[in-house]
Amino acid sequence: MKRTKIIDILQSQEYGQPVLAKGWVRTHRNSKSVHFIALNDGSTIKNVQIVADSEKFDADLFRLITTGACLSVEGLLTESPGSGQSCEIQAETINILGTCPADYPMQKKGQSFEYMRQYAHLRLRTNTFGAIMRIRHNMAMAIHTYFHNHGYYYFHTPLITASDCEGAGQMFQVTTKNLYDLKKDEEGKIVYDDDFFGKQTSLTVSGQLEGELGATALGAIYTFGPTFRAENSNTPRHLAEFWMIEPEIAFMDLEELMDLEEDFIKYCIRWALENCHDDLEFLNKMIDKGLLERLQNVVNTEFIRLPYTQGIEILQKAIAQGKQFEFPCNWGDDLASEHERYLVEEYFKKPVIMTNYPKDIKAFYMKIDEEKPVCNGKVMNDTVQGTDVLFPQIGEIIGGSVREENNDKLIAEIKRRNIPMKDMWWYLDTRKYGSCPHAGFGLGFERLILFVTGMQNIRDVIPFPRTPNNAEF
């Protein structure tokens, strides 16, 4: 007989028909004459109940049916007399595909998420992580569907690069050199001419720069792939390996960019609400009782569009009225998460797209505003057409900007910042040959999953987290 997934069994009403289910035991309880086994195969958060008559099976079989054991069960699908389930399987045959001894780390008890990270290879079998991974899959589907339906092309940018999009000192090197016998020049610097690529290379921190090349040829592209940052950050918001979505679009201005960011993120959350209902209900009950309400609020509200200077004035006014922050909040400072969350969660009580940041705290490629801002009556320094989408509980979830398309202005800013561009001649060529206005943004995929699931630590929304001193599994 062909196996039927449990999600399909639970939706079936073909009572009296034989079915074959396979999966892992969640719970096993019994009365004197009947055993009740909750079986789950990962296709849904819900279990199917197996009802096994004690007289039909050997007692030794039941002793092997422990939490985590893998079973194959054939029987008749029947309407369930119990509440909370529409059907159950009256077992005719039970085969144990894999036993599970008593030291199984994922026993049905209240383990902490920190404990479960030690067993990332097994935690995926729990209800919580099964729900998270199904939602993660659905968010990936939503992203591809959105961009495909809007005429974007999926563009693959390299994982190995000789350029640095975000700033030196945060990249993992890629090399075939013998690290125990490094060739060096007279100044003691490592020589890379005998390395695989003949130069120093690293794992990418972003596909944006190459994505811009695609946008200036195809009009609108998006990347969706892993990125790597060697920051020694042990926070609930940082990973060394994570996934990024980075659309780049030719002929797009600041207003259009903000429209895209808002429409895109709402589409993803709406997709989750429509396609992950059971998993979200479970997480809303077990992890975050305000999750569903928060997701609905994002979908149903218009985002605030707030210039950085105005945001600083709001924060400084709050401080004057007694609000305390851990970090300073002056014009020119890069806002901390606590500042962003105050604006989103307390002041506006809705998502915020913050724009027009001081150019010195943003990347070199962002387009400089024509007019200088005025903060508390004082004319400030140049700002850029950058955008950060700020969400409740998360802070920044999207970062984007209009890119500087003028060759002379871009080179001037590169020189002002003393950025080494010798390996990025190809990027500057896009401004030299047929330059065009363009814009784009980056969304950290795991940040999106954090928001959609209500989880508190980014290490719990990726199957196998990579963090300082942790590269297991």
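**A pocket and a helix in a predicted model**

Me: In this predicted model, how much space lies in the second largest pocket?
Reply: Happy to start there. Rolling a probe the size of a water molecule over the atoms shows where empty space is left. For the second largest pocket, that space comes to about 1,300 Å³.

Me: Which residues lie nearest the centre of that pocket?
Reply: The lining of the second largest pocket has 42 residues. Helices and strands that each supply at least two of them include α1 (6–11), β1 (18–30), α5 (127–149) and α8 (277–286). Nearest the centre lie Ile-45, Asn-47, Lys-108, Asn-127 and Phe-282.

Me: How many residues of that lining are charged?
Reply: Let's divide the lining of the second largest pocket by kind. Nonpolar residues number 16 and polar ones 17. The charged residues number nine.

Me: Now to helix α12: why do its buried residues line one face?
Reply: The buried residues of α12 (residues 407–416) are Leu-410, Glu-413 and Ile-414. Seen down the axis of α12, they line one face because they fall within an arc of 100°.

Me: What do the buried residues of α12 pack against?
Reply: It helps to look at both sides of α12. On the other side, Asp-408, Lys-409 and Lys-415 are exposed. The buried residues pack against α13 (425–432).

Me: Which residue caps the N-terminal end of α12?
Reply: Beyond the helix, α12 is followed by Asn-418, with a positive phi near 55°. At the N-terminal end, a side-chain oxygen of the capping residue lies 3.0 Å from the backbone nitrogen of Asp-408. That capping residue is Asn-406.

Conventions:
Residues are numbered from 1 along each chain as its sequence is written. This is a predicted model: local features need pLDDT of at least 70, side-chain atom pairs count only at pLDDT 80 or more; totals for chains, interfaces and linings use all residues. Side-chain values use heavy atoms; hydrogens and water are left out. On a 1 Å grid over the protein atoms alone, a cavity is a set of points where a 1.4 Å probe fits but cannot get out, and a pocket is an open set with protein on both sides within 12 Å along at least five of seven lines; lining residues have an atom within 4 Å of a point. Grid points are joined across faces, edges and corners, and a volume is the space filled by probe spheres set on the points. Helices (H or I, at least four residues) and strands (E, at least two) are DSSP runs, numbered from the N terminus. Ala, Val, Leu, Ile, Met, Phe, Trp, Tyr, Cys and Pro count as nonpolar, Asp, Glu, Lys and Arg as charged, and the others, Gly among them, as polar. Buried means under 20% relative accessible area, exposed over 50%, partly exposed in between (1.4 Å probe, protein chains only). The arc is that of the directions from the helix axis to the C-beta atoms. Contact means heavy atoms within 4.5 Å. A polar contact is a pair of N or O atoms within 3.5 Å; within protein, one must be able to donate a hydrogen and the other to accept it, and residues adjacent in sequence count only if both atoms are side-chain atoms.
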